[in-house]
Amino acid sequence: MLAKLGEEIAEVSEWHGTRLSCCNTARLHSFHVNEESLRFLANHVDSLFSWRWPDEPEDLCFLAPDRSPILISTAHEEWARLVLADSMRLSDCLMAVLEKAEVETVPCGFVVNMSALSSRGRNDRRYIGIEGEGWPVDLPGMPTIEHGLASADEFELSVAYWRGIMKVDGFEHAQLLYFGEQPPYDGFSLVGFDCGFYSNEIDNFSLILNELHRCSAPSIAGYKRFLNEYGLFVTREAAEMFLRDVLSDQTLSNVYRGCSEDLSVFKVYRYAHV
């Protein structure tokens, strides 16, 4: 199919996002962005990170007419970067592809979370968000998890496991949470918006927990008054403003320089049926 789109093939040792070592090379496939090629890309695989060798060409990338990158991806690392200048105009068709790719990078699914431990060793009971001890205690019937989350198909198992967890000493306050835009089942209520990243059950981080609940720089301390009873922001706008101000603070931006591209705003839902 790619050949029909007028592809060009070159032998290269590096491309946007990747550099091969030890004089290794790989084939770089290039073709023009048009309605036909975009339709093929959008429908051929399920997600941006499905472009993996040997089944598919790896590391999908979009370039502007001047050859500067618009979208960079490294599929096997599940990493992507979107680079847009304010003056850059994109077709509706291309924007649809990029928006789909952006959605696919945001995790969604169920997780059984304990309240996160504070720096003083006590549970921050007020905070219910993306950080915490995910899927604690190895009990029978634990759902299959991928990147720390259970899929919608694992809903019944997730509920059963959560109820079992609450009977274990020390886990009475476990929460069944859903990260994503809209839970696929009834019984969930939106408890707020968190800022951070969630790669899996052991690789996750919350700016709200670490910068507002555990400590607070003077430049962002005022955001504490916008937190609700769950220790989260009530609106996406407040969460996005907080994230921008954190990254605008010179001291904080240096702290988070290595992961600033991974930080985003998450909807957090809590399952209320018992």
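Buried means under 20% relative accessible area, exposed means over 50%, and partly exposed is what falls in between. With that cut-off in hand, here are the close-ups, all taken from a predicted model.

**View 1. F155 and Y185, a stacked ring pair.** At 35% relative accessible area, Y185 falls between the two limits, so Y185 counts as partly exposed. Its partner F155 has a relative accessible area of 7%, so F155 is buried. The two rings are stacked, with 4.1 Å from centre to centre and 5° between the planes. F155 belongs to helix α3 and Y185 to the loop between β11 and β12, so to speak a link between distant parts of the chain, 30 residues apart.

**View 2. F110 and F188, another stacked pair.** Here the ring centres are 5.7 Å apart and the planes make an angle of 20°. F110 sits in strand β8 and F188 in strand β12; 78 residues separate them, and the pair links distant parts of the chain. Are these two buried or exposed? Both F110 and F188 are buried.

**View 3. The ring cluster.** Zoom out a little and ring pairs link F110, F155, W162, Y178, Y185, F188, Y269 and Y271 into a cluster. Both stacked pairs from the views above have their residues in this cluster. Across the whole structure, a search finds 20 aromatic pairs.

**View 4. The largest nonpolar core.** This core has 53 residues, and L207, F233 and F242 are the ones that touch the most other members. Which elements supply at least two residues each? They are β8 (109-113), β10 (149-150), α3 (155-165), β11 (175-179), β12 (188-198), α4 (207-213), α5 (236-248) and β14 (264-271). Strand β12 gives the largest share, 6 residues. Apart from this core lies another one, made of 12 residues, with L38, L48, L60 and F62 among them. As a general backdrop, nonpolar side chains in soluble globular proteins tend to be buried together.

**View 5. A closer look at F242.** Leaving aside residues up to four places away in sequence, F242 touches C195, L207, I208, E211, L212, I220, Y223 and F233. Two of these contacts, L207 and F233, join F242 in the trio that touches the most other members of the largest core.

**View 6. Strand β14 and its partners.** Strand β14 is mostly covered, with 6 of its 8 residues buried. On β14, V268 is a handy landmark: F179 stands opposite V268, and so does G192. How many bridges join β11 to β14? There are 3, and the two strands run antiparallel. Strand β12 is joined to β14 by 8 bridges, again in an antiparallel run.

**View 7. The open sheet β5-β6-β7.** Three strands make up this open sheet, in the order β5-β6-β7, with antiparallel pairing. The edges are β5 (62-63) and β7 (79-82), each pairing on one side only. Strand β6 (residues 69-74) connects to β7 through 4 bridges. Looking for a residue to centre on? Try I72, whose bridge partner in β7 is R81.

**View 8. Confidence, and a stretch to read with care.** The protein has a mean pLDDT of 80, and 84% of its residues reach 70 or more. Over residues 100-104, the pLDDT is below 50. Beyond near neighbours in sequence, that stretch has 6 contacts in the model.

Conventions. Residues are numbered from 1 along each chain as its sequence is written. Side-chain values use heavy atoms; hydrogens and water are left out. Two strands pair if DSSP finds at least two bridges between them. A nonpolar core is a set of buried Ala, Val, Leu, Ile, Met, Phe, Trp, Tyr and Cys residues joined through side-chain atoms within 4.5 Å. Buried means under 20% relative accessible area, exposed over 50%, partly exposed in between (1.4 Å probe, protein chains only). Contact means heavy atoms within 4.5 Å. pLDDT is the predictor's confidence in each residue, from 0 to 100. Rings of Phe, Tyr and Trp (its six-membered ring) pair if their centres lie within 6.5 Å; planes under 30 degrees apart count as stacked, over 60 as edge-to-face and the rest as tilted.
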